[in-house]
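Visitor: Hey, can you walk me through this one? I'd like to start with a strand pairing and work outwards.
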Amino acid sequence: MPEQVRHEQDTILLPQETVDVIDMASESGLRVYRQSLVYLLAWAAFELFPHDRLHIQYSLGHAYYCEFKEGKTLTEVEVKALEAKMRELAAGDFTINAEYFTKEQAIEYLTRYGREDTIELLAYLPWNRVRLYRTDRYADFSSHILVSRTGLLQVFALEKYNGGLLLRFPAADDPATVAPKYRLPKLAQVWQDSEEWADILEVSNLSSLLRMCQTDAKDVNTLIHVGEALQEKKIARIADAIYSQRDKIKLILIAGPSSSGKTTFGERLSIQLRVLGLRPISLSTDDYFVDREHTPKDENGEYDFEALEAVDISLFNQHIQEIIKGETVACPIFNFERGCRDDVVKEVFSEKEHPIIIEGIHALNEKLTASIPRENKYKIYISALAMISIDDHNRIHTTDTRLIRRIVRDSQFRNQKAIHTLKRWPSVRRGEEKNIFPFQEDADIMFNSALIYELSILKKYAYPLLAAISPAESEYADARRLLELLDYVPDFSDQYVPLNSILREFIGGSSIHGK
């Protein structure tokens, strides 16, 4: 293995475990860089505030929101001091060694640096060896690979935010600069609400979940049902909000990234609206695709089915207006095998004063429903925002949770192997960045579809699918990363998962839409 670390403008060489060069413009490269910055921040925090526990809370745009536990509120001066310390450590170009220790040795190191949360996690994991990342002055556990020198970590910024700080990352399209800051108050609020849910469930990290699993199976059953009840209560409140504005709301628009559970959510919301006396109908944008030959193409010359121009917006708006007026409309049915509309149509009718539910990738984009005034729309953004973390410094990424959901769903209902889902995923992510995330803050409400126990259910479905991916495939590294994540979580039986759960959209057995 080479002793010197290759460092070009946008590439980094990982520690001695591998000689792969990671492109900093890739998701894998950015993932390594982001977690390495977390390591640098944790080291700086330990040196400046050795008696306070840093917690990496959640992702907010191209940044992590971090704060200290036990109620410590950071001042502007303290945030500047942390950034200065991080830059000092980066300038020192310290070697970060990935070393394996016995569990007892690892606990000795972790105790020295105040990592009680990780020590508690290790108590429940059947590991003989533990990988720590160590310098001459600091050691920490990381669930991700880190860079091999602190000198590689030059592009970042710290900024005071609420009671903590934002750790800002490089821009994906220009790794030499810090990504722009986005105002995301609604997303921040839904993250905070989700943390309150985790507190109610008494599960904030994997050690508390593992402890519950090993003490009493009844507690697991309770966890499942309380988690589901929290979601149902939120859906009911959204229905109440819509009902209170029933005189003006004509459209209910639902959008979110892939595998957020939009279909099940829409059906459950419809049920709650019916409880209140409303009788909503659903309209699918998929049936309004233009014929294949008129579909726009992307920069690679491939059909871009996720582009707004792939939808016949004019006809879609015409039909919406007619339905709102109480007219019966002959809506098209798109034949995806033929790439055009069928000759057969379906008649759609809605009584006046009853809303139309529209779910789709562009639902929050005003251009999709431009003929309807904004005041007559109720927009809902849904995503699976992971509420649980591995420990204080290692998050479970929302993107990974959604990807595991999609791998299971594609296998269960689309006869697709995990390798095909992984190959398609970068394109899916690009579509989300372009067509969904820019519009999320325009939502009237955000809904978190994540379930705190879901990885323990998905594990038995996803694990063999990921394990089947060959080392010869370029997606092998992603498969291994997801397998390592699943190795942390306990197995739960799916027998207690309610039949109307959003999770049933992925594992099957749904009582709502026949899966």
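**Strands, cores and cavities**

Guide: Sure: Tyr64 has Leu167 as its bridge partner in β10. This is a predicted model, in which local features need pLDDT of at least 70 and side-chain atom pairs count only at pLDDT 80 or more, while totals for chains, interfaces and linings use all residues. Residues are numbered from 1 along each chain as its sequence is written, and side-chain values use heavy atoms, with hydrogens and water left out.

Visitor: How many bridges do β5 and β10 share?

Guide: Strand β5 (residues 63-68) pairs with β10 over four bridges, in the antiparallel sense. Strands here are DSSP runs of E with at least two residues, helices are runs of H or I with at least four, and both are numbered from the N terminus. Two strands pair if DSSP finds at least two bridges between them.

Visitor: And what order do the strands of that open sheet of four have?

Guide: The order is β4-β5-β10-β9, with antiparallel pairing. β4 (54-59) and β9 are the edge strands, each pairing on one side only. From one strand to the next, the twist averages 30°. For angles, axes are lines fitted to C-alpha atoms, for helices over the stretch in contact, and the values run from 0 to 180 degrees between N-to-C directions.

Visitor: What joins β9 to β10?

Guide: Five bridges, with β9 and strand β10 (residues 164-168) running antiparallel. One bridge pairs Tyr161 with Gly164 in β10. The two strands make a hairpin with two residues between them, and Asn162 in the turn has a positive phi of about 50°.

Visitor: How many of the five residues in β9 are buried?

Guide: Four of them, so to speak of β9 (residues 157-161) as mostly covered is fair. Buried means under 20% relative accessible area, exposed means over 50%, and partly exposed is in between, using a 1.4 Å probe and protein chains only.

Visitor: Which helices lie across β9?

Guide: Helix α2 (residues 76-91) lies across β5, β9 and β10, at about 165° to β9. Helix α5 (residues 185-201) lies across β4 and β9, and runs at about 125° to β4.

Visitor: Back to Leu167. What does Leu167 touch?

Guide: Leaving out residues up to four places away in sequence, Leu167 touches Leu37, Val38, Leu41, His62, Ala63, Tyr64, Cys66, Met86, Ala157 and Leu158. Contact means heavy atoms within 4.5 Å.

Visitor: Which residues touch the most other members of the largest nonpolar core?

Guide: Leu82, Leu167 and Leu466, out of 99 residues in that core. Helix α1 (residues 27-48) gives the largest share of this core, twelve residues. Apart from it lies another core, of 40 residues, among them Leu308, Ile358, Leu368 and Met446. A nonpolar core is a set of buried Ala, Val, Leu, Ile, Met, Phe, Trp, Tyr and Cys residues joined through side-chain atoms within 4.5 Å. In soluble globular proteins, nonpolar side chains tend to be buried together.

Visitor: Switching topic: what's the order in the open sheet of five strands?

Guide: The order is β14-β17-β13-β18-β21, with parallel pairing. β14 and β21 (445-448) are at the edges with a single partner strand each, so one side of each has no neighbour in the sheet.

Visitor: Which residue pairs with Leu253 in β17?

Guide: Ile358 is the bridge partner of Leu253 there. Strand β13 (residues 251-255) and strand β17 (residues 356-359) run parallel and are joined by four bridges.

Visitor: Is Ile281 buried or exposed?

Guide: Ile281 counts as buried because its relative accessible area is 17%. Ile281 lies in strand β14 (residues 281-284).

Visitor: What about Asp400, buried or exposed?

Guide: Asp400 is buried too, because its relative accessibility is 3%. Asp400 lies in helix α10 (residues 398-413), and touches Arg31, Arg481, Leu482 and Leu485, not counting residues up to four places away in sequence.

Visitor: Last one: how many cavities of 30 Å³ or more are there?

Guide: Three. The largest cavity has a volume of about 100 Å³, and 15 residues line it, with Ile388, Leu451, Ile452, Glu454 and Leu455 nearest its centre. A cavity is a set of points, on a 1 Å grid over the protein atoms alone, where a 1.4 Å probe fits but cannot get out, and lining residues have an atom within 4 Å of a point. Grid points are joined across faces, edges and corners, and a volume is the space filled by probe spheres set on the points.

Conventions. 1 Å grid on protein atoms, 1.4 Å probe; cavity = no way out; pocket = protein on both sides within 12 Å on 5 of 7 lines; lining within 4 Å.
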